[in-house]
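Work through the exercises below with the sequence and the model in view. Each task is followed by its solution.

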Amino acid sequence: SGTMTALNGSSSLPLAGIEYGNGIPERFDETQLWRIYNITDAMQQSIPVGQVMEQKFGGNIWKENSKFLDISIGKEHVKAARSFLDAHRLESEVLSGNVQELIDAEQLDGINSTLSLPGSRIKKASRSGSSGMHWKDYHDLETIYAFMREVRAKFPDIARLYTIGQTAEGRDIKVLRISENPREYKKIWIDGGIHAREWISPATVTYILYHLMSKWETQPKYLREKTWYFLCVMNPDGYVYSRTVNRLWRKNRSPSRRANCFGVDLNRNFDIGWNGYGSSTNPCSDTYRGTSPASEQETKVVAEFLAKRKHNLDAYLTYHSYGQMVVYPWAYKAVKVKDANVLQRVANTAVDRIAQKTGTSYRASVTHEVLGIAGGGSDDWSRAALGVQYVYTIELRDRGTYGFVLPPKYIKDTALEGWIVADAVAQAIA
Ligand code: ARG
Ligand code: ZN
């Protein structure tokens, strides 16, 4: 991890917006991943643990919920951060002693699983379509976009590919629509890759698309009657940056005018509870909410695209990692939506089916109870602004062993879990 220079004129360390430049991947040798418990108790004694770890020790928050905080700490800050925890009697656990090893293992696993296909590469190439898409490894943005084009080409009568806008760095934001029904009743929106480093999310959303279309003609009516929208990568700039420069990048890549930092957390940028809890006004923070609601192109074009199509929009599914949860509104306030029992029931069904099928245990809950209060999320916005009924954020695998750096050998089963949720929701709408 590079040395940090104060960039925003304040005394605190710059956070998530540090520039490493030149496309040289940032390394995380001996960066440790910690899980710190009883955060809320400490908060009550006015010790904002996450904030201190971020600002004093250059920590990168991976996950924060009511029970614990997962945070990675660079080698050079480990000792001081440890003393801080000890001084405040904060219990913790080392999830990984070397994040770079996780990243290296992730790459190797991908190479191995792609090469170890029976019948060699030639056979594999003929089995996959023109895009070369498969779910044995993570893919670059171009392959994902090629896959979306491939689906459109194979289903010219029912598939439409939209470029709904461009990012700060000029990349296209693409949505694929599948519909056999000109009347467009019962629409389902699915997005992935709001957060750059959650690679399993675009992998899952492309898999859901594949699973749906690979046997489209024989799919049950409740799937075929729907109009489907797939935004496989909502944050293409961030995704590319995470694949080329900083594996742990979360936000988009728009430059800040106020500080020498980059990126807005797109899941804090939507126009719902924007000015409230759970986001930051600091452009260098990983949860920076931006200068105003929908200040970001990604947010703005998604919001506009959906606002035009809110009629009969029945489901909004957004895939994240990690934590193994299916959660529903609200997140911006500690209140449940009034039909929470319906959302809980459908989530329970999905979670039960996942347990049966893959043996993985997911938890179904209202968001604020398990992830804490945070405004500006796309999930809450789709319910509040568009009136979508089935709104779910799906936190895919795992529970912290690998975190964002989930080895490719787990992609298929995890993506199947993502499919099971989408299928259960589609069935509930029927
Ligand atoms: N991990 C996601 C995030 O922090 C959880 C989203 C839950 N919804 C929400 N509106 N906060 O963005
Ligand atoms: Zn996320």
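**Exercise 1.** State how many residues the hairpin uses to join β2 to β3.

Solution. The structure is a predicted model. Start at strand β2, which spans residues 60–64. A hairpin of three residues leads from β2 into β3.

**Exercise 2.** Find the strands that β3 pairs with, and give the direction of each pairing.

Solution. Take β2 as one partner: β2 and β3 run antiparallel and are joined by four bridges. Within this pairing, Glu 64 is placed opposite Leu 69 of β3. Next take β1, residues 32–37: six bridges connect β1 with β3, again in an antiparallel arrangement. Here Ile 36 is the residue that stands opposite Leu 69.

**Exercise 3.** Decide whether strand β3 is largely enclosed or not, and give the reason.

Solution. Strand β3 covers residues 68–73. A residue counts as buried if 20 or more other C-beta atoms lie within 10 Å of its own. Five of the six residues of β3 are buried, so the strand is largely enclosed by the rest of the structure.

**Exercise 4.** Locate the residue that the UniProt record annotates as "active site", and describe its surroundings.

Solution. The annotation comes from an unreviewed UniProt entry and covers Glu 395. Glu 395 is part of strand β12, which runs over residues 390–396. Glu 395 counts as buried because it has 23 C-beta neighbours inside 10 Å. Leaving aside residues up to four places away in sequence, Glu 395 touches His 320, Ser 321, Tyr 322, Gly 323, Gln 324 and Met 325.

Definitions and conventions
Residues numbered from 1 in each chain as written. Chains lettered and ligands numbered in written order. Predicted model: local features only at pLDDT ≥ 70, side-chain atom pairs only at ≥ 80, totals over all residues. UniProt positions renumbered as here; feature names shortened; annotations may be inferred. Helix = DSSP H or I, 4+ residues; strand = E, 2+ residues; numbered from the N terminus. Buried ≥ 20, exposed ≤ 12 C-beta atoms within 10 Å, placed from the backbone. Contact = placed C-beta atoms within 7 Å. Pairing = 2+ DSSP bridges.
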